[in-house]
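Visitor: Please take a close look at the part of this model around the ligand. Once that is covered, go on to a few other places along the chain.

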Amino acid sequence: HSNHSEKEHRARASGASNDTNEKLMAVNMVERSFPVGGSTLHVLKGIQMDIKPRQLVMLKGRSGSGKTTLLNCLGGLDTPSKGEIWFNGLPFSKMSDDERTLVRRREMGFIFQAFALMPLLSAYENVELSLRMAGKPRSEWKKRVEECLELVGLAKRMHHRPFELSGGEQQRVAIAKSIAHRPILLLADEPTAELDTAMSAQIMSVFQNIIETENVSICMTTHDPTIMEVADHVYEMVDGKFI
Ligand code: ADP
């Protein structure tokens, strides 16, 4: 109950409406093809999807179906050959590379399969690094780093380095790192692929927690059917299309 009213309070404070049709990201007839040896490989064939504020959206599909290519387009690491992607009211896929990079760095966070932490830095220093990179004022670092590590349940492991942490804990540091600069969308490619069932469940509850407290949406790929149960929406990709 208190979570609910807290969420409403934040929605009002940020000027967001309660309209469930409000979209954070809209993907409109997106195609992506690559030239391969004199012919054209059509990888995405008319993708239509949207991500609403505070939604947990999952992409499933066999290896090679096009999930990573789509995630790269959503994250602005790649651009569609046709169609368009709107993000936070902006024509994301039509922007210049520089503009898109700026939007991506400010408003998005990325989480990978293999944790992607700096091995010689502590959990604290890893999260701090992302605030430094985002150009956040130094005076804000300590409070925000501690807040993020608290959010992922690692306040007591703050000064451990990656090799002193379990796989699940390392991934939680990576999540803390991805949200530190206050993005509004997190994109995660198979974030639980290297984790056992218990650790995967923990990651999902961390995701649910940060959707509530940080006001983000999350779009992730997964193969794990038990994880899909907590999604607001699951899109299944077959051969470059959703079924
Ligand atoms: P998934 O993530 O579902 O496994 P991918 O998006 O990685 O699928 O790949 C889908 C298909 O697109 C594969 O056949 C892959 O070889 C091809 N592909 C992806 N990126 C490129 C590229 N840059 N050039 C050529 N082919 C690509």
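Guide: What follows starts with the shell around the ligand and then turns to the domain record, a pair of helices and one lysine. The model is a predicted one. Around the ligand sit F34, V36, L41, V43, G61, S63, G64, S65, G66, K67, T68 and T69. Three elements each give two or more residues to this shell: β1 (25-36), β2 (39-51) and α2 (67-74). Of these, α2 gives the most, with three residues. Sorted by class, the shell has seven polar residues, four nonpolar ones and one charged one.

As for the record, an unreviewed UniProt entry carries the annotation "domain: ABC transporter" over residues 24-243. Across residues 24-243, helix makes up 36% of the chain and strand 26%. The C-alpha atoms at the two ends of that stretch are 22 Å apart.

Next come the two helices. Helix α4 (residues 123-133) packs against helix α6 (residues 167-179) at an angle of about 25 degrees, and their axes are 8 Å apart. Angles under 35 degrees count as roughly parallel, so α4 is roughly parallel to α6. The crossing of α4 and α6 is right-handed.

The lysine is K143, which lies in helix α5 (residues 138-151). K143 has 9 other C-beta atoms within 10 Å. A residue with 12 or fewer counts as exposed, so K143 is exposed. Between the C-alpha atoms of K143 and M133 there is a separation of 16 Å, and the two residues are 10 residues apart along the chain.

Methods. Residues are numbered from 1 along each chain as its sequence is written. This is a predicted model: local features need pLDDT of at least 70, side-chain atom pairs count only at pLDDT 80 or more; totals for chains, interfaces and linings use all residues. A residue is near a molecule or strand if its C-beta atom, placed from the backbone, lies within 6 Å of it. Helices (H or I, at least four residues) and strands (E, at least two) are DSSP runs, numbered from the N terminus. Ala, Val, Leu, Ile, Met, Phe, Trp, Tyr, Cys and Pro count as nonpolar, Asp, Glu, Lys and Arg as charged, and the others, Gly among them, as polar. UniProt positions are given in the numbering used here, feature names are shortened, and annotations may be inferred rather than shown by experiment. A residue is buried if 20 or more other C-beta atoms lie within 10 Å of its own, exposed if 12 or fewer, and partly exposed in between; C-beta atoms are placed from the backbone. Axes are lines fitted to C-alpha atoms, for helices over the stretch in contact, and angles run from 0 to 180 degrees between N-to-C directions. Angles under 35 degrees count as roughly parallel, over 145 as roughly antiparallel, 65 to 115 as roughly perpendicular and the rest as oblique. A crossing is left-handed if the near helix is turned anticlockwise from the far one by less than a right angle, and right-handed if clockwise.
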